[in-house]
Amino acid sequence: MSESSIYDRFDRDAAAVADQVIAWRHHLHQHPELSNREVDTAALIADHLRSLPLDEVRTGIAGHGVVGVLTGGLPGDQVIALRADIDALPVPDECGVPFASTVVDDDYPGGPFPVSHACGHDCHTAMLLGAATVLAGVRDHLPGTVLFVFQPAEEGPPVQEKGGAREMLAEGALDDPAPTMAFGFHVTPYPKGYIGYRVGNQFGASSLIKIVITGEQVHGSTPWMGIDPMPAAGAVLTGIGQIYRQLSAFDPVTVTIGHIEDVGRFNIVGRTVTLWGTIRCSVEADMAQVRQRLETLATHSAQAYNCTATVEYLQDVPAVHNLRPWVDAALPTLRKVVGDERVVATTPTLGYDDVSEFVNRYGGLYVTLGVQDTEFGGAAGLEPTPGGRGMYMNHNPHFYADDDTLVTGVRLHTYMAYDHLRGAVVPR
């Protein structure tokens, strides 16, 4: 089969499987599962992969990870890992579709939580299942090997548990055969069918924060008889808003507190207040300085209110860094999928994705795929503005992805896999 005819075959087969991809996506969207709890999601993935002519389907990796192995019928040394994340979020589903989630997880640590695919991992999983179907159908024409990597706990496991990409690597999930490229992409509120890429950090570095402020518990009617940790917590929250001014204004950082726990009651001054949050740095080297300044702020603010504070940094995730040689090698493939005008260099983001563990280990690339009714505009021509259904960021309860973009994701996986296996997408 000629190179041009195999792309035509990819397009035809992707179109043929499109309805099934949409059905998978709807099912996954309606039945989301939180990090390290992706039991039924993993079973659906494994059942379909086992129905394909693959060499092997590995399950139970780092909890509920699944890896399918497809060896092509032509000789070749290249091995590409196509990765999709499979977990959902503790976010209510308000996207307004008939297949919206009504799931509530009563047992998850810190819960109960409403659960939804407000980050689009249902799309990622369905598109990679579609790509596995298409590539398995042409295995006799593929040189090298394709690994279909379905990763749990990308959003971060409960803090007392292990999980995610780092744990998959620790368990040797991709050791045999080892990839020569890792590839994946994330759905975003860009215009539908646009592929975004960035040389350098596509996503930022991340660290989970745990700050525990300790005072002395007492009855709410006699606060002077104890030590109230709540004012100290308020001082830390206020001071965090000034940390960015202590670093270069040209390298964005953010420190966000997303969850606060106390052990008080309306009539009890509690002993502790715990702040949970995240640090994000567009330049990974800034992480140490942000941590040092946050620790100084927390401990000294607590001391000012006669409290103490401890600061822990958990679940470090390195930045997703796209090297120039990989981007240059992949751009022709990206343009074949959606056209020259729909492949755009994008601005950096402080989102994170632990696909960085795979890209750092094996080399490769991570890009974004637009899935919403938006248009590019603004001074630089790269600011998405709402149209149609509007624009909603990932992790927003209203986040949505239009089904007609899913077939583009299937084609993107298949084109990238084939071009790497035949030696076209390799750094020069």
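**Exercises: burial, compactness and cysteines**

Cys307 is buried, with 5% relative accessible area. Here buried means under 20%, exposed over 50%, and partly exposed in between (1.4 Å probe, protein chains only). The model is predicted: local features need pLDDT of at least 70, side-chain atom pairs count only at pLDDT 80 or more, and totals for chains, interfaces and linings use all residues. Residues are numbered from 1 along each chain as its sequence is written, and side-chain values use heavy atoms, leaving out hydrogens and water.

**Exercise 1.** Classify Cys119 as buried or exposed.

*Solution.* Step 1: take its relative accessibility, 7%. Step 2: apply the cut-off for buried, under 20%. Cys119 counts as buried.

**Exercise 2.** Find how many disulfides the structure has.

*Solution.* Step 1: recall that a disulfide is a covalent bond between the sulfur atoms of two cysteines. Step 2: set the test, a pair of cysteine sulfur atoms within 2.5 Å. Step 3: search the whole structure; the result is 0. Step 4: check Cys119, whose nearest cysteine sulfur, that of Cys123, is 10 Å away.

**Exercise 3.** Decide how compact the chain is.

*Solution.* Step 1: list the secondary structure, 9 helices and 19 strands. These are DSSP runs (helices H or I, at least four residues; strands E, at least two), numbered from the N terminus. Step 2: compare the radius of gyration, 23 Å, with the 22 Å of the globule rule for 428 residues. The radius is taken over C-alpha atoms; the rule is 2.2 Å times the number of residues to the power 0.38. The values are close, so the chain is as compact as a globular protein of that length.
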